[in-house]
Amino acid sequence: MLLALLSCFCSSVLAAASGGKLPEAEVSIEVLHRPFICHRKSKYGDIMLVHHVGSFENGTVFHSTREHGDKQAVWFTLGIREVIRGWDKGLQNMCAGEKRKLIVPPALAYGKEGKGKIPPESTLIFIIEVLEIRNGPRSHESFQEMDLNDDWRLSKQEVKAYLRKEFERHGYPPNDTLHENMMEDIFAREDENKDGFISSREFTYKHDEL
Ligand SMILES: [Ca+2]
Ligand SMILES: [Ca+2]
């Protein structure tokens with residue numbers, strides 16, 4: 001978290017030093033298909049299963065999940081920079097079954113350097129189809145599940161109870177020493193104001209850069 005804050009601070013300093021405001025790059029979103037029934041819409045922290053086709057502006061396809069590799073759809077977490085920023089920005093509020101076309105400028109994709117098959121300064125076009133949306137580990141729902149007494153903050157006992165339950169769920173024997181160490185580790189990282197509780201704000205990912 002501290003690192004995220006520092007990098008954010010540095011980039012705003014750089015932007016200021018380079019002589020004022022850089023226009024924020026935008027991703028263009030076109031909804032190609034939206035299902036009639038939509039039980040939930042994607043939001044930051046959700047994990048999403050998608051098929052996608054990525055191409056350059058000239059139409060050359062550089063990746064297609066249905067054609068390449070193991071031909072499986074891929075899971076990723078929305079909003080945590082696991083994927084390019086263009087996806088984090090462009091895949092919010094989607095329904096399972098929805099299909100979108102995103103036009104992602106280089107600033108929200110692989111930028112000046114490029115990556116692998118992607119040359120520097122490439123605008124990328126994606127057709128993305130969402131197969132499934134689930135609660136990620138940082139979702140509001142997960143927080144509520146951990147917050148046993150509904151006071152909107154997680155105590156050390158609540159975090160330990162959660163760890164014990166998760167271990168059981170995955171078939172591991174409870175291990176108090178391990179739970180204690182994991183809990184201390186979690187609090188060292190997440191309890192930013194060191195008041196002995198993880199607030200819902202501290203729990204949720206920061207999205208400063210999105
Ligand atoms: Ca609580
Ligand atoms: Ca706290």
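**Exercise 1.** Which atoms coordinate the calcium ion (ligand 1), and at what distances?

*Solution.* Keep in mind that this is a predicted model. Start with the side chains: Asp147 (OD), Asn149 (OD1) and Asp151 (OD) coordinate the ion. Next, add Arg153, which contributes its O atom. Finish with Glu158, listed twice through OE. These contacts span 2.2 to 2.5 Å. Reading along the sequence, you should find the donor residues spaced D-x1-N-x1-D-x1-R-x4-E.

**Exercise 2.** Classify the geometry at the calcium ion (ligand 1).

*Solution.* Take the angles among the six donor atoms: they run from 53 to 156°. Six donors count as octahedral if opposite ones are over 155 degrees apart and all others lie between 65 and 115. An angle of 53° fits neither range, so the site is irregular.

**Exercise 3.** Are Asp147 and Asp151 buried or partly exposed?

*Solution.* The cut-off for buried is under 20% relative accessible area. Asp147 has 3% relative accessibility, so Asp147 is buried. Asp151 is at 30% and therefore counts as partly exposed.

**Exercise 4.** Describe the site of the calcium ion (ligand 2) and place Asp191 and Glu202 in the chain.

*Solution.* First, collect the protein donors: Asp191 (OD), Asn193 (OD1), Asp195 (OD), Phe197 (O) and Glu202 (OE, listed twice), lying 2.3 to 2.7 Å from the ion. Then locate the pair: Asp191 sits in the loop between α5 (176-190) and β8 (198-199), while Glu202 belongs to helix α6 (residues 200-203), 11 residues apart. Now check burial: Asp191 is buried at 3% relative accessible area, and Glu202 is buried at 2%. Finally, the six donor atoms make angles of 50 to 158°, and this site is irregular.

How values were computed:
Residues are numbered from 1 along each chain as its sequence is written. Chains are lettered from A and ligands numbered from 1 in the order in which they are written. This is a predicted model: local features need pLDDT of at least 70, side-chain atom pairs count only at pLDDT 80 or more; totals for chains, interfaces and linings use all residues. Side-chain values use heavy atoms; hydrogens and water are left out. Donors are N, O and S atoms within 2.8 Å of the metal (3.2 Å for Na, K and Ca); water is not among the atoms, so sites may look incomplete. Four donors count as tetrahedral if all angles lie between 85 and 135 degrees; four count as square planar and six as octahedral if opposite donors are over 155 degrees apart and all others between 65 and 115; anything else is irregular. Helices (H or I, at least four residues) and strands (E, at least two) are DSSP runs, numbered from the N terminus. Buried means under 20% relative accessible area, exposed over 50%, partly exposed in between (1.4 Å probe, protein chains only).
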